[in-house]
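Got a minute to look around a new structure together? Have a look below, and then we'll go through it in questions and answers.

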Amino acid sequence: MNLVVSALALAANVAALAYIIYRAKKLGVNPYKQEVFRGTRDFEKAMARADLTVEEKA
């Protein structure tokens, strides 16, 4: 059972990496220096939440 779970986790990680590479090539950005998911609804919502938490701490 552990082998099955670990194989599924590995497959999910490979799929996520492939999607990041695909999106970086599509947008022409360097994923190490620039945000790959900028412009997506979920990214903008997460950044808005992060800004709120930074303001609350100040």
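Q: Which side chain of opposite charge is nearest to Arg-23?
A: Quick background: this is a predicted model, where local features need pLDDT of at least 70, side-chain atom pairs count only at pLDDT 80 or more, and totals for chains, interfaces and linings use all residues. Residues are numbered from 1 along each chain as its sequence is written, and side-chain values use heavy atoms, with hydrogens and water left out. Arg-23 is buried (under 20% relative accessible area, with over 50% being exposed and partly exposed in between, using a 1.4 Å probe and protein chains only), yet it has no salt bridge (a side-chain nitrogen of Lys or Arg within 4 Å of a carboxyl oxygen of Asp or Glu). With Lys and Arg counted as positive, Asp and Glu as negative, and His and the chain ends not counted, the nearest side chain of opposite charge is 8.5 Å away, and that is Glu-44.

Q: Which backbone oxygen lies 3.0 Å from a polar atom of the side chain of Arg-23?
A: Arg-23 sits in helix α1. Leaving aside neighbours within four places in sequence, its contacts (heavy atoms within 4.5 Å) are Val-36, Phe-37, Arg-38 and Thr-40. The backbone oxygen lying 3.0 Å from a polar atom of the Arg-23 side chain belongs to Val-36.

Q: Which residue forms a salt bridge with Arg-41?
A: The count comes to one salt bridge. Arg-41 counts as exposed at 60% relative accessibility, and its partner counts as exposed too, at 51%. The closest N and O atoms are 3.8 Å apart, and the partner is Asp-42.

Q: How are the rings of Tyr-19 and Tyr-22 arranged?
A: Ring centres within 6.5 Å make a pair for Phe, Tyr and Trp (its six-membered ring), and planes under 30 degrees apart count as stacked, over 60 as edge-to-face and the rest as tilted. The whole structure has two aromatic pairs. Tyr-19 and Tyr-22 are 6.3 Å centre to centre with 35 degrees between the planes, so the pair is tilted.

Q: Why does the pair of Tyr-19 and Phe-37 tie together parts that are apart in sequence, and how many residues apart are they?
A: The rings of Tyr-19 and Phe-37 have centres 6.0 Å apart and planes at 25 degrees, so they are stacked. Tyr-19 lies in helix α1 (helices are DSSP runs of H or I, at least four residues, numbered from the N terminus), while Phe-37 lies in the loop between α1 and α2. The separation in sequence is therefore 18 residues.

Technical notes: Helices (H or I, at least four residues) and strands (E, at least two) are DSSP runs, numbered from the N terminus. A polar contact is a pair of N or O atoms within 3.5 Å; within protein, one must be able to donate a hydrogen and the other to accept it, and residues adjacent in sequence count only if both atoms are side-chain atoms.
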